[in-house]
Amino acid sequence: MKDKDNVFDAIVIGSGISGGWAVKELAEAGLKTLVLERGRDVKHVKDYPTTNKYPFEFEHRLELPLTLRAENPIVSKCYAFNEDSAHFFVKDKEHPYKQQKPFDWIRGYQVGGKSLLWARQTQRWSDFDFEGPSRDGFAVDWPIRYKDLAPWYDHVEKFVGISGNRDGIAAIPDGIFQPAFPLNAVEEYFKKVLQEKYTDRHVVSARCAHLSKPEPIHIAQGRVKCQHRTLCQRGCPFGGYFSSNAVTLPWAEKTGKMTLRPFSVVESIIYDEQTQRAKGVRIVDAITKESFEYYAKIIFVNAGAINTNLILLNSKSKRFPNGLGNDSGVLGQYVAFHNYSTRVYADYDGELNAYKIDGRNPAGGGYMPRFRNLHRQETNFLRGYATGFGASRSTYQDTSSTGRDLRDNLLNPKLGHWWVGAQMMGETIPKSENRVYLDGNDKDAWGVPLLNIAIGYDDNDDKMSRDFVEQFTEMYEKAGFINIHSSTDKQAPGLDIHEMGGVRMGRDPKSSLLNEWNQMHACKNVFITDGACMISTSTQNPSLTFMAMTARAVDYALGEMKKGNL
Amino acid sequence: MNRREAVQRLGILAGGIWLMKSCSLDSNGASIELDNYKMTKQLEEVLSAVVQTILPLDGQEPEEIRNLHLFVMKMVDDCHDQTEQQVFTDSLADLVKGEWHPQAKPFISAPAEERKRMVELLNRLDDNQIKKCYEIIKRRTIQGYNNSAYLMKTKGTYELIPGRYNGYAKV
């Protein structure tokens with residue numbers, strides 16, 4: 001039954017990085033907006049219980065107890081799942097799913113979602129990415145190009161606060177930047193070597209969502225400069241990095257237009273056969289298991305790529321028996337990810353041994369945009385990879401002795417050598433067989449069907465990994481690095497935490513679900529602006545693009561509402 | 001090791017309060033609550049002696065360093081499997097008896113120089129059960145020491161808020 005308490009102008013499903021942007025833009029425009037979050041509330045600072053702790057204040061000095069690891073074989077693989085941050089991750093048993101192929105689904109069910117945990121890398125997409133599927137023929141054409149998104153990248157970057165240099169590299173267009181966190185001595189050296197030896201390979205300071213020189217808008221958000229703690233996964237009391245909790249949600253709350261409902265597991269979107277619009281959302285209270293319905297004129301689905309697919313697949317009606325908006329039959333298909341399987345390491349020994357590192361770099365070091373197959377197809381695999389490149393020099397302790405010698409060695413660590421590492425971030429090809437789907441046989445604790453996930457690597461990924469090793473071996477040799485070695489650990493898809501697709505955009509409703517405004521072709525008041533909307537993955541970390549797409553879609557939706565179309 | 005002192009101070013160590021179990025004053029019980037294996041007073045005593053021989057005190061250290069063996073016990077309880085826990089306690093019993101090597105002697109009653117000699121021997125041993133136990137003790141002792149408030153704050157080895165980054169700092 002509708003009453004004033006369950007009727008809103010807009011509903012946003014999910015409070016993570018894109019949901020936070022949706023509610024901020026909607027509430028600022030004066031829309032009474034309900035945010036549904038399946039997890040608990042996490043208030044900025046107040047609910048960061050570990051944020052100011054030293055390592056010795058943790059019972060196991062940041063190491064995960066064996067029982068916790070044994071009970072959570074999936075999430076334990078995540079680099080950020082540690083004693084200081086385990087409370088922000090979904091444990092394996094809390095929300096099961098069926099792995100038709102190995103898939104490590106890493107989730108953060110709380111207000112703010114994974115925006116508390118993300119790696120904060122923010123490189124723009126370019127037309128090399130938007131034109132990729134049509135040029136290389138591996139997916140439907142993107143219905144947008146860089147020029148469509150560029151002003152929205154500007155809009156988001158100003159508010160978020162992005163550090164970076166204006167590097168003038170076409171593959172990663174420049175944006176609105178605060179000063180970059182500079183490269184260190186060996187990273188800068190490698191950058192210069194590549195400039196001398198190649199025309200197409202660049203190392204830049206990784207652009208990231210950390211405040212290096214806050215503008216008045218960031219001060220107004222209650223944030224200050226990043227303090228180089230690199231303890232971001234605990235939540236930052238300084239607001240040094242961007243999260244929904246620190247920025248968009250408090251901003252939306254100040255408008256007085258936002259209603260946040262934690263512990264709300266969305267069961268489905270309710271379709272009205274008469275109006276041919278979605279009329280609301282059916283939820284199950286995560287604690288009481290009671291069902292509730294909420295109604296609104298427009299609905300933004302930002303549950304996180306896989307969960308957005310799940311909600312739409314479970315939103316069945318007479319009009320849409322196979323999931324909301326699924327006339328094309330491709331809902332849940334063409335899911336892709338980033339290939340993070342391969343790394344190449346080496347040591348440096350030379351005149352830069354006169355330098356060391358002091359402090360910590362929140363940007364993580366260098367970033368190399370894609371150079372393979374950029375302007376034309378030139379290898380035996382499609383697309384290419386970006387690279388996280390970093391150099392480091394730490395101290396070490398000789399622990400071979402015992403007694404006073406050992407104590408002296410522990411108290412007087414020695415400076416180690418410089419070493420470098422390159423982490424592959426490869427584009428994978430979306431395919432119909434890489435999909436998520438429901439079979440209706442089993443349900444979770446809230447009565448929602450368990451999702452089947454069938455996503456895997458292919459031959460293109462293997463070829464790309466081999467090329468990565470070959471290319472970096474060559475580049476390292478040209479730089480004079482020594483002890484070059486590589487590792488390929490074919491981690492399950494999902495552990496990259498860059499899953500995308502399943503509800504893809506496209507020009508043709510016969511092969512896609514969303515139009516160029518992230519609006520459902522067949523249900524016009526529903527917008528999907530998280531990772532589910534993506535046609536291809538590019539090589540860049542995707543969150544910045546999700547945020548820009550969200551702001552753009554909200555702007556469009558507001559315009560349509562004014563025109564009376566929604 | 002002063003076990004009595006450890007008990008009296010209720011094991012309030014960095015990382016929180018380790019609850020004392022009800023039998024903590026029992027002469028057979030360990031000073032801290034253990035969920036997954038049992039330690040007797042004697043095993044704890046020999047562990048403490050080994051830890052302080054691996055990493056001797058200079059007299060200035062606070063309680064958390066003097067009781068570093070409690071951290072070793074805690075980590076063995078929570079971060080090692082049952083097999084390793086068995087190796088740990090069996091080997092500590094061997095150290096008590098002093099029959100693990102022709103040159104070994106009962107560790108607790110041995111004078112400091114003798115203890116030092118036995119730890120150096122353990123350090124040189126080839127792989128066997130007591131070596132595995134020794135490696136656990138040494139690794140966890142170093143971990144506890146490196147991650148102690150004493151080193152991180154008093155000796156200044158860790159900065160919670162560096163507030164800077166310089167990739168060209170002169171050596």
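In the predicted model, Gly426(A), which belongs to strand β15 of chain A, is the bridge partner of Asn339(A). This bridge belongs to the pairing of strand β10 (residues 338–339) of chain A with strand β15 (residues 414–427) of chain A, an antiparallel arrangement that extends over 2 bridges. Strand β15(A) is also paired in the antiparallel sense with strand β11 (residues 342–348) of chain A, here over 6 bridges, and within β15(A) it is Trp418(A) that serves as the bridge partner of Tyr348(A). A further antiparallel pairing, over 11 bridges, joins β15(A) to strand β14 (residues 385–396) of chain A, with Ser392(A) standing opposite Trp419(A) of β15(A).

A separate group of strands in chain A forms an open sheet of 3 strands, ordered β3-β17-β16, in which the pairing is mixed. Its edge strands, each paired on one side only, are β3 (98–99) and β16 (435–443) of chain A. Strand β16(A) runs antiparallel to strand β17 (residues 449–454) of chain A, to which it is joined by 5 bridges, and in this pairing Arg435(A) is placed opposite Ala454(A) of β17(A). Helix α9 (residues 305–313) of chain A lies across both β16 and β17 of chain A, and its direction makes an angle of about 60° with β16(A).

Among the helices of chain A, helix α6 (residues 185–197) and helix α11 (residues 459–479) have axes that come within 10 Å of each other and cross at roughly 100°. Because angles of 65 to 115 degrees are counted as roughly perpendicular, α6(A) is described as roughly perpendicular to α11(A). The contact is made by Phe190(A), Val193(A), Leu194(A) and Lys197(A) on the side of α6(A), which meet Met475(A), Lys478(A) and Ala479(A) on the side of α11(A). By class, the residues of this contact comprise 5 nonpolar and 2 charged residues, with no polar ones.

At the level of domains, chain A is divided into domain 1, made up of residues 1–44, 96–150, 247–338, 430–455 and 500–566, and domain 2, made up of residues 181–195, 341–382, 384–428 and 457–492. The C-alpha centres of domain 1 of chain A and domain 2 of chain A are 36 Å apart, and the contact between these domains draws 14 residues from domain 1 of chain A and 13 residues from domain 2 of chain A. On the side of domain 1 of chain A that touches domain 2 of chain A, there are 6 nonpolar, 6 polar and 2 charged residues.

Within chain A, Asn541(A) is located in the loop that connects β20 (526–528) with α12 (543–562). With 25 other C-beta atoms within 10 Å, Asn541(A) is classed as buried, since the criterion for a buried residue is 20 or more such atoms. When neighbours within four places in sequence are left aside, the contacts of Asn541(A) are with Ala119(A), Gln121(A), Thr122(A) and Gln123(A). From Gly168(A), by comparison, Asn541(A) is separated by 373 residues in sequence and by 19 Å in space, taken from C-alpha to C-alpha.

Chain B contains 8 helices and 3 strands, which follow one another from the N terminus in the order α-β-β-α-α-α-α-α-α-α-β. Of the 171 residues in chain B, 37% are buried. Where contacts in chain B between residues at least 6 apart in sequence are considered, 65% of them join residues that are at least 24 apart.

The contact between the two chains involves 37 residues from chain A and 37 residues from chain B. On the side of chain A that touches chain B, at least two residues are supplied by each of α6, β12 (355–359) and α10 (403–411) of chain A, and the largest share, 6 residues, comes from α10(A). This side of chain A is composed of 17 nonpolar, 9 polar and 11 charged residues. Strand pairing also crosses between the chains: β12(A) and strand β3 (residues 165–170) of chain B are paired in the antiparallel sense over 4 bridges, and Asp358(A) stands opposite Asn166(B) in β3(B).

Note on methods
Residues numbered from 1 in each chain as written. Chains lettered and ligands numbered in written order. Predicted model: local features only at pLDDT ≥ 70, side-chain atom pairs only at ≥ 80, totals over all residues. Axes fitted to C-alpha atoms, helices over the stretch in contact; angles between N-to-C directions. Parallel < 35°, antiparallel > 145°, perpendicular 65-115°, else oblique. Contact = placed C-beta atoms within 7 Å. Nonpolar A, V, L, I, M, F, W, Y, C, P; charged D, E, K, R; others polar. Pairing = 2+ DSSP bridges. Domains from an automatic or database assignment. Buried ≥ 20, exposed ≤ 12 C-beta atoms within 10 Å, placed from the backbone.
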